[in-house]
Structures are given as structure tokens and as C-alpha cells.
Amino acid sequence: MTAAQVRLTIDGMPVAVPAGTLLVDAAKQAGSNVPVFCYHPKLDPVGMCRMCLVEIGRPQRDRATGEWVRDPNGQPVLSFSGKLETACTTPVEDGWVVRSASELAIEGRRQIVEYLLTSHPLDCPVCDKGGECPLQNLTMAHGPGKSRFLFDDKIRLDKHLPLGELIFLDRERCIQCGRCVRFQEEVVDDAVIGFFERGRKLEIVTFSEPGFDSIFSGNTTDICPVGALTTADFRFGARPWEMNAAASICPHCAVGCNLMVNSRREAKSGGNLVVKRVMPRQNERVNEIWICDKGRFGYAFGSSPERLTRPMVRRDGTLVKTTWDEALAAVAAGMRGAGKDLLGIAGGRASNEDLFNFRALLDRLDGLLVLDEPMPGGEWTGLGPGSDLGRLGPADAVVVAACDLHAEAPIWWLRLKQAAERGTTVITLNLRPTRLDKHAAYCLQHGLGESGDTVLALQHPGRAPAGSRLQAAADALAAAENVIVFYGREGLSAVECQALAAGWGRWLVKTSRSGKTNNGLVAVWPRSNTQGAWDLGLRPAADGLLQALDGKRFAYLMACDPVGDDPKLAEAFRQLEFVVVQELFLTPTAGLADVVLPAQAFLERDGTLTSGERRVQRFYPGVPALGDARPDWQAVASVGEALGVPLESRSAAAIMLAIQAAVPDYAEVSYQALAQSTEQWPPVGGADMYFGGTAYKNHQGLGAQLPRQLRAEHLPAEPPTSLLRQPRPAGLTLVPVARLYDQGITLRPSTLLKDRLATAGIELNPQDAEQLGLAHGAVLGLVWAGGTQEIPVQLSADVPPGLALVPRSSGLKLDEPMAAPLARAEVR
Amino acid sequence: MAELLLLRHRERPELGELDGYQAQGGFDGLRKAVTTMTPAEVIDLVKASGLRGRGGAGFPTGVKWSFLSPGVFPRYVVANADESEPGTFKDRELMERNPYQFLEGVAICAYAAQANLAYVYCRGEFWDLAYRLEENLQAMRRAGLLGERMFGSAYNLDIRLHLGAGAYICGEETALLESLEGKLGQPRLRPPFPAAVGLYGKPTVVNNVETLANLPLILTRGADWYRGFGTEKSPGTKIFSLSGHVARPGNYELPLGTTFRELIFTHGGGTPSGMAVKAIMPAGASSSILPGTDAVLDTPMDYESLAAVGSALGSASVIVMDASVNLTWVLRKTNEFFKHESCGKCTPCREGTYWMLHVSERIESGGADGEVRLLRSVAAGMQGKCLCALGEFATMPVVTGIDRFPDDFQSNGRGGR
Amino acid sequence: MLIEKYPQEIERILANYPPDQRRSAVMPLLYLAQREEGYVTRAAMEEVAALVGLEATQVGSLVGFYTLYRDEPGGTYHIQVCTDLPCALQGAEAFAEDLCRNLGIRLGETTPDGAVTVEAVMCLAGCDRAPLFQLQAPDGIHYHENQTVESALELIKHLRREGGRG
């Protein structure tokens, strides 16, 4: 039964909305813009700022019958109390006549603006918010022309207070709306900023270490209605009206958050367009109006002075800069006759257009094509049509296995947390506690190598011991209407991960869930377009890269750094006759190449990426290309040309047409279809920035979700359970874990985040540490890559005994769990 | 001499000890409720008595109890002992000298509300008093007057203490609940009211100390007896806290409907200076200030009569000022108070109390007449817009002070206190 | 560490509230934390936060909101004189000024030996015994009513000599 409709009149307009709608939302939907500061449609209303004051006329009721009293014309007799009420805290009722522009309401709001401006500083000329400031806009619309407040009475407060190194606070500008504090507490569960003092001295404060310790902190600057909270990144950067805006997709993880890249021409960059900041773009089905701080502050790699801007060739043992013509001539000469002896390795960072051309080249030459990401399952991942994490409800369940979403895909963590708050049953399956556990109905922690048993029990109710949590979880899962399974690879070997993914795939088929809306399997890929790579037919090397290199003479690498990830591969690459590397930076792999080709960063070009939910989304260029860098798809076409293989080289759009023709799942994915957008709730940006914040409206496209319907024949047969029970190594096992801020090449150049980047280290359980004679901060010797590395030790009770956690991509190369090669007596 | 229902310890100090209290029929009311009445019957009895809240709002207590959401459990009772209104010191005396009558009242309220846990939220400054109250509670527990199976029934109850930490706003019942929950003491949106969503989100009754102290005798002597005191609409006695320019400041328990004149002159001994009473603030700092005219002095002190003369009884914290006082100074004092105590949550109170203080400081030291108009306008601009009563009441002394004592606000009539 | 020094008291405080409502214990725990240094240190804030399952910021927020919690050190003893309206009508302001003058400090300041800070506060519910003040001592808060400058100075002398609560 749909929600009952309430009919009322707002400023003369008849309005019908579902019961429970707040008056402020009903007014917005009716086009009557009741101003707000503290209200935000994604936060609980608090009625603090008192800006949304309106008059409400209620139909009088007959005391005896309870019916409306009507006048001779049959109209309900209304009573207006003569008092103003806050629209944001008031759910609508039938028959109301609301006046938001009566004399009383206008005067009331004028008075509120006068109060708000009493100690608000006249900073507009130097304030970053100028031009996109709700206080400015609403003051012009609703305030008195002059203030009667004497300047000398104005309160003086801190003005350049860093709340941590990412966000600055100006306490004088703050109007105590509480949106930032409430966002942190209600939405992202990081109550690391709060109110301090009271009365006029009420101010924002942080006591976390580091300050404002939340990976979502940047969002508060979008919803702050004044210039109190600004990012260190954009402070004094530019005026909003000076900047261009280009729609993009975040390159850092598989969620695929929608972005807007703001740029401006600058004298100090020689008149070039420079990225000034990255903002969220609204897509209610992906990231709503939020982005994490990695996406917001992690774009500096595009303009890093370390970027490759010109092709390079090796002459006399050294790489020297050259032209494209010379580099391609070297490729033509060096890889003449390449065929089966060619190995092509591509990374999941590349766009669909890049990967399509790359695959076409390798196919044509009959070479071996390999995806440089060992995590399996991409041919089984995807959800039913119209799936939307924001629609998960009490009848649904989500399983999250072998990953820490808060560190790997923060917006998915947020979406699932919110689903849990709506009643969705969340089940976590990990080696160790993760941040999602707090919102999970069932946290099924298991030991190393024991995930298989737990998963089987979860999938087969009745298998687990009666009365156990596992049995309860299994029952809950069986009873759920819709199930989505997220899986990562933390603590799993490649074999285990494969079994995990396939096992859930089989279960989704067996329980007739696959193919239905809000059902399916999602891989928490470490990169933004790994799903696209799988969709386009790329696969990880069946037996590892070393095996793939065996017998090859040539290698062409695009958007990946296998030598950097595993230095043991260096020698194998050196043995090859000719190596071409196409990259953003001079990585260790590029450093071994014969020819290095400079690739454009995502900010400089267009294309599409396919998210982990299998949503294909377009990104557009925001700044011109750096130097002679070319988009990967174009560089590949150039290489193709050099090797006598004609490939599509006119545009990314043209390649997409080819993808549509060649890949059945992508048949409907046209650039036009991807550019379709609809109106979304809540309204944000532009004239609506006072309501929803300064996130950008999405006119550039919501993307298209590719549904996945699995059938039994798609999946391998169930392996023997013995395969799923891995032997537990004696002693300590090193387990690589993800950290949001790691030392990856696309993040390291972001100097703003430098103090938050994970460094090589080991986290131990205090009991294990004691046995090893290690204290917190001690240095451990680890036999590694032919030598011994000194690694600092941290202790944490959250680390399960027997495990030593190592952050990925932070200096210690580790892809799978392995026995800890501790050097004897190397304890400092 | 009128019968004392609340400050009974003045005639019988032994009431402060448990055996002394029990010897005088103490806990008979609670026993009667728990062993012979249903919670609904207790609510009806209190409704019939007409007892009104003594914390300031004057809302009928039994009616307030009847708003508890049916079928939702657990329930809680919280005694509001955050006595912070300037000029109020009645709850303190009750808790110090007649604690068991108060605690028995808490227990009766808890039984009626079907609550098994009650808290006394005591302002932090009452530190020593709270220690003694804890000793009183221990004594009650040892005597089986709290705990499991009270009086052999199935009912169990414990009463515990919680200390505030210096915030007048925590006397507002929803701010009190927030504080008790370990959060900032800022008022909640209402609705929902505590009877539906209170402590920890559960139905809760919050009552003032004096209100609760009325309950034991209502239980043992009945509603009709109680209605024999006071007026028809304001039955019972009231403890009036008298302070300021009076010879004998202190607490006076008198029937509601006693006149100002009787309180101030007969009991309070009049102004020590012998000067006329210039101004009366009947509800502490949250008052609509009344001039010391004969008409006002002869006004009965009850909720209705005070409303009729453009004021309010509130907590009956009567502050008396003689002719040596200048209202510009008084307003500066009340504005200082409200500016210090404003929680800051809502714009008009946060900005308005700060603004009013600055303007009234200028007025006090001889500012322009325009400042007086401005002060009144800033106050009027807050009215009807604040989130809670603190902001609203902050405006009352300002508006009434300026309107009713215009001479004090003329430039040539100025000069501080 | 508070938990090492006051384990039973902490247990008692936590037991005062329903087991799933630990947050309520923050206020009494803050009084305990303040006992050590006369104010709530950053470390104490974090320890209290850990005891009740909150962020340090949520605890710090309360320290800032409530008048009786301090976030910076002051004198060993705080003499907080009510100068609110009813007391002021009975000479409390003059009393406070006189007391300060006798101590050689201004209202709000601390004596050079760090023993006493004199402050003005809002109504203490002792309006019939003005002038009065509350003494915030390391062990708690104690009222001293019907005071004169002489009796106040006598108390301070005693505190300086023997400590305690006077």
C-alpha cells in the first residue's frame, strides 16, 4: 500500500505529497522556496536557525464530530495562530493553508537574518564562499537592508583555525547551523567535530588526533552555508564564477563517484588551465552528493612535475626524451614480427576505450593479453537491472566478505551503513574487525584459511551449530528477499578468492536471485575500471605474470606497474628483447622499458569507466593534455599503426561505437545514452545550493547500469571442500590490508594528504608482540626481496593473534598472505 | 499560622531522619499506592487533586502523567532538581531538610508511571546536598523502601542521582534529558514530548522537586483535602522564595492565592530601607516585572491572577526591589544572566541575548534614547521565534521593564543602581 | 590513568546507568577526571571517551558546554561568588570587589601563589543568605553562605595553611 497522500495549499498552490513529508520539502517541491540554513534534506531536521518560519493555517475541527468546520461556501474554516512555525520540523497535514510570504513571515525572516549577521564578519571580499554562499543569497533575498548592530559589539573569534590539515575553520563566519557536526555524526559516524562553549560563543571544535579525523571531512565544506569551513586545498584559490566545470568520474576506486572538476586559467601556469578543485556531482544511485577525501584531494597527480610529458627511447642504456615519431619508429623496429611472442599487460585504471583498443591490438597480433590484477570473479560480477544500494530495505541482506569497505570503497561503506539503518541485514565475513561491523547484524569473524567453512555454513542453513550466530545469520540470509554480496581479497589467496566469488555466484543462481533487482555479486576492485577490463575480455594471468612472461620476447604494458608491485619481476622483464611501457609516471616498470610513451591523466581526456556495480559512466576532459601525452587509446592506436595493425584512432566516442558492436553487454551503451540525466532529489547547486549544498547538479549523465544474469553454466563446478581449507602456517602470517591513503602513484603527489599516507609498517596483536619481545614502535627486521627491511611495529588489540597486518601499496610489496619471514634477532 | 504541607521540617526537624519521617506516617502514601491502588488510580487521584507543576509551567501534574504512551516500556521518572532560576531556593530546602517527603514523592510518581528506575537530576553546585541525598537513598534501600518487591508487592524501584555541571538550560525538561543522556544540554524539538519520547527515547515523566513533595500527603489525605488549600484553579500550597530588598528573605510556604502584600510585608518584613517597593519580579529573572502599586501588592499570587495583571507566577521566586533600584541596572543583570545561560542552539536567543546585553550596558551607562527603542525591538524580535522558553523569557523583563518603568529609561533618569 | 587509580569508583559510576547507556556516565566521569589536576586534561578526555565508547570530541564538547568543567588550569581553589540579581540586591557585587581588592587581584584572576581564583557566577540558589560563594575544591563543591570579607579571608587563610574544604 503506497503512502497516503496529503493535500494542502502552499502560497496559493495546491500540493499533494506523501504523508510524513516535511513542510519545507513539500514547499520546495511545489516551487515555493522556503529559505533554510540548518535544514538539509539528508540530515534530521533540528529547527535551530529559525530561518524557515512560515505561517500555517489549520482547518478548524468540530469538537464533537472531529470533522472540519466549513463556511457557507463549503470551504474549511482556517485558524492562523498568529505565530510563525519552522517548516523544517513540521510534517504536512491535510487542508493546511501555508503562507511563506505573508507580512508576518517576511518580517520574521528579516529579523532572523539581522540576528545572523550581527557578528558575522564582512569577509565577503576575502571569503572563498563568495559567489556560492547561501548566506549571501538568502540575505539579499530575505534580509533587511541595514543592520542596527554596532560593529564594536561584534564578537571576535578565531579566523584561520586548521581543524586538522585538510579543513580550515573561521569561527566568526560560523552561524551555528550544526550541519557539519550533524553530518559527521548522523551520516558518516565520525563524531570528530563538535560544538564547544555555549550561547554566542558556541563554536566548532575537534579533539581527534589528527584533527577532524574523518575521510569524509571535505563534504562538510559543501553543505556549510557560509565560508566557515573551507578546504586547505581550495582556500584563496579562485572565485566560483571564474571556473570551468567538467564532469568526471573518480579514478581512485571501483565505486565510480561522479565528480565535477573545476579549472581556471592562471598566469602562474603560463596561461594554462589548472585544476582548482574537485567537487561532487550528484548521482543518487552511486554517491548521492558525497565524495570521500581521497577523491576530493587526490587529483594532484595530474599536474605533478613527475608526469611523463614526452616519449622516451633507450639510447646507450639510458632513456632519453624524444618525439612520437621517433618513439614509434623505435617500436616498429624493435617489435617487428611480434605475434604469439608478445605479452600485453593492462591495468584496471585504463578506460574502456583504452582497453578495447589494447585488446584489439593483442588479438590481431595473436599475442597473450593479461590483466594486471590477480583478483578473480569479474565475469560473474554485476547486479540485476535497476539495482540501487539506496533502495535496500528491511527485507534485504548484504554480505561483505574479505574487505574493509571503509578503507577500500568508502562510499559503498556509507551506502551500506545507511542500508543497515533502514533495516537491511548486513553480514560481515572477515579475518578481523572492520568499521562496517558496527552496523552489521552479524559479524562472522573467521581464522586465516577458514573462510570456506564459514561461507558454506552461511549458504546452507542447518549446517552451522544450532543456536550459533552463524546459524542465525544463515537463516537471515535465506529469508532475505534480495541479497547483494560484496567481496574483496583480504586475507585470501588467489585460489580462495576465486572459490569465494564462484561460490557466491553459484548460490545466487541456486537461490534464483541472480538477475533480479538488488541482487548479485560485486567485487571491491582496487581500481576504477577493473570491471570494464573484465567486461572487455581481459583476464588475469592464469598462473601469474612470471609464468606469462615465459617464452615471450616482447612486452607492451599500459597503465600498470608490475615491477613496482613485485621487484622480483624486474629480471624477467630485463630478459625480454623489447619492452614498451605506456604510463603517467616513470615507474620502476617504465624504468626498464625500451620505449616509454606518455599517457594522459583522466582529467585531460574523455572516455568511460565501468564501476564495480557495472555502471558505465562517462568522464569528460577538464584541462588540456600535459605536454605530448596522448590518451591511452590513441597511443595504442599509434603503436598499432607502427606494427601494421589499424585501430580506431579518431575519438573515444568512435571506439565506444566499436565496443557496442563487439561486446553484447555493451550494445545499448552509447555516449548519448550515458549522457542522459533526470532531475534528482534533493536539488543541489545553483539556485538550490542553500538547500542541498554546493555539490553540482548532474546534467552530464547518470550512466547506464549493465545487468548481470548468471546461469549455472557460467560458473565452475563446486570444488572439493578440501580446496577451501587452506593450511594455517605456523608462526605469524603477514596479511596485506588496504588503507585508503596509500602510496600509490596516483595519490602520492597529493602533498596535502602526505601526513595521512600509510607507511610501511606491521600491526601486531599485543600478545604476539610480547612473545617476540616487541614493544609499540619497535623496529622489526623482515627478510625481503633478497635483503632485510626494517619495519616499525604497531600494536593493536584488533589484530587477531597470529596475523601481522601490512598496509598495501605503502612500501612493502605484498599481494597475498604469506608466512612472515622474520630475521632472527633483528629486533631493535 | 497556615498548615505546612511541604516545609514540615520547620516544625518537626526530625523528619530529616528516616526513622523520624517514618514515625510521622512517612511512606504511608507510597505504601498505599503500591499495595492498594493501580497506577491508573494514582494518576486519577493526582488529577483530581488539581496539583499543578511547581517548576514554573504550572501544568496539571496528573494530566501530564496521563500522556505517557500506553504500552511502551520501560518508563522513567526524572526529578528536576536543577534549581537555577535566580531567586529560587525552595527545592534546595526540601532536599536538605525534608528529603524523604521528596523521595517518597518520586517513588509515588514512579509507581504511577510504571517506572522501575527514577533519576534525580541535581544541579552540580548542590554537591554536598547530593552526597547527603545519596545517604538518604541508601537508608531507604536498607529499609526496603526501595528495591525489589516493595511492601511485598511485585513492584520494584530504584532512585539514583545524576549531577549536572552548571547550566541553567538543563532545567528545561528536554535539555535535562539530553544532559542525563550524556549529551550537550540543549533542548529538543517538541513534539514529541517526554511522555512519548523521553529518557533514552522512552516515555518519561519529568517533575519538579516541589511538585513531587506534594504527592505523599495527597495520597494519604486525599484530593478533596488538598483542594481545601489554595484557590479553585490553583489548589494547594506553594513555597514562595522571597529575596531581594526584604528584611527576612527566605522560603515561605503559603496557600496559593496569598497576596504579594502578605508575603512581602507580613512574612518578609518589608524593605529594610523603608522605601516603597518599586518593582516585583514574581518568577525570578524570567519575570514580567510588576510595579509595586497597591493593585499589584493586593494581587493574589496564583497562576490565573498573575496572568490577569500581565505577569506570570512561574516558580514563585519573588524578587523585591525598592526605589533605590534603577531598572536599567536590573535589565543589565537579567540580560547578563540569559546571555551566559543561552545554550546557543537557536539564532534569536543566541544572537538576541548577546545583543540585548550590549545594548542594555550602553543604556545603563547613559546611552541614547534610541538605544532603549532598539533594546525593546531586539527583544520583541525574539518573541515567538525561539526554540525553547529561555529565549522567550529572556525578553519578558526587557519588554515589561521598558514599558512599565518608562522614567528609568529616560536619559535624564539614568545613573546605574 | 583514571582506571588504574579509581577502578571501583568508575565501576560504580558506570553501574549507575542502564548497561546499554554508558554515555550517561560521561558527566560523573568528567568530575572524576577533574579531581586530579583541577581541570580536564586532553588525556583524561580521551580516557573518558574510551570508557564510554565515544569520540574524544564528543567528550570535549561537554567540557566546553558546562560551566563547572574546566579545560585549563586555574587556582587550586575557585571561590565563585554569586553576583546575580537577588544577591546583587543584597551587596554581593561590593562583597566580590572588596574580597578581590583584599587579595590583590581582579575578579576572574588567580592569586600569585596559585591558591585561589575568585570568579563571579550566576545564581547559586542561596538568595536568602547573600553574600555567598561556592568553593570549588579538588574534592568537590561546598557552599559558604552569609559571608563577610573577613570570614572569606579567614577561610582562604585556612585553605592556604591546611588545604581541605574549609
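**Entry 1. Domains**

I began with chain A and took the centres of its domain 1 and domain 4 over C-alpha atoms; they are separated by 43 Å. The model I am reading is predicted. I then looked up where the domains of chain A lie. Domain 1 covers 5–101, domain 2 covers 117–231 and domain 4 covers 382–524. Domain 3 is written in two pieces, 312–376 and 532–674. Domain 5 covers 729–827.

I did the same for chain C, where the assignment gives domain 1 (2–65) and domain 2 (77–162). The centres of these two domains are 28 Å apart, again over C-alpha atoms.

**Entry 2. One leucine in chain A**

I picked L740(A) and asked which loop holds L740(A). The loop runs between β31 (733–737) and β32 (762–764) of chain A. Is L740(A) buried or exposed? I found a relative accessible area of 7% for L740(A). The cut-off for buried is under 20%, so L740(A) counts as buried.

Next I listed what L740(A) touches, leaving out residues up to four places away in sequence. The list is I215(A), C292(A), K294(A), A407(A), P410(A) and L747(A). I looked at I215(A) separately: I215(A) and L740(A) are 525 residues apart in sequence, while their C-alpha atoms are 8.4 Å apart in space.

**Entry 3. Chain C as a whole**

I counted 8 helices and 4 strands in chain C. Read from the N terminus, the order is α-α-α-α-α-β-α-α-β-β-β-α. A box of roughly 50 × 30 × 25 Å, set along the principal axes, holds the C-alpha atoms of chain C.

Chain C has 166 residues, and 60% of them count as buried. I noted an exposed area of about 6800 Å² for chain C, with 47% of it supplied by carbon and sulfur atoms. For contacts in chain C with a separation of 6 or more, 56% come from residues 24 or more positions apart. I also placed the charges of chain C: there are 14 positive and 24 negative ones, and their mean positions are 3 Å apart.

**Entry 4. Helix α4 of chain C**

I asked which residues of helix α4 (residues 42–52) of chain C are buried. They are A44(C), M45(C), E47(C), V48(C), A49(C), L51(C) and V52(C). Their cover includes four other helices of chain C: α1 (2–5), α2 (7–15), α3 (26–37) and α5 (56–65). Just past the end of α4(C) I found G53(C), with a positive phi of about 75°.

**Entry 5. Strand β3 of chain C**

Why is strand β3 (residues 133–137) of chain C described as largely enclosed by the rest of the structure? I found that 5 of its 5 residues are buried, and therefore the description fits. I checked the two faces of β3(C) in turn. F133(C), L135(C) and A137(C) are buried on one side, and Q134(C) and Q136(C) are buried on the other.

I then followed the pairing of β3(C). Strand β1 (residues 77–82) of chain C runs antiparallel to β3(C), joined by 4 bridges. Within that pairing, Q80(C) has Q134(C) as its bridge partner. Strand β4 (residues 140–144) of chain C is also antiparallel to β3(C), with 5 bridges joining the two. Here Q136(C) is partnered by I141(C). I recorded β3(C) and β4(C) as a hairpin, with 2 residues between the strands.

Technical notes. Residues are numbered from 1 along each chain as its sequence is written. Chains are lettered from A and ligands numbered from 1 in the order in which they are written. This is a predicted model: local features need pLDDT of at least 70, side-chain atom pairs count only at pLDDT 80 or more; totals for chains, interfaces and linings use all residues. Side-chain values use heavy atoms; hydrogens and water are left out. Buried means under 20% relative accessible area, exposed over 50%, partly exposed in between (1.4 Å probe, protein chains only). Contact means heavy atoms within 4.5 Å. Accessible areas come from the Shrake-Rupley method with a 1.4 Å probe; for residues, only the protein chains shown count as cover. Lys and Arg count as positive and Asp and Glu as negative; His and the chain ends are not counted. The place of a charge is taken as NZ of Lys, CZ of Arg, CG of Asp or CD of Glu. Domain bounds come from an automatic or database domain assignment. Two strands pair if DSSP finds at least two bridges between them.
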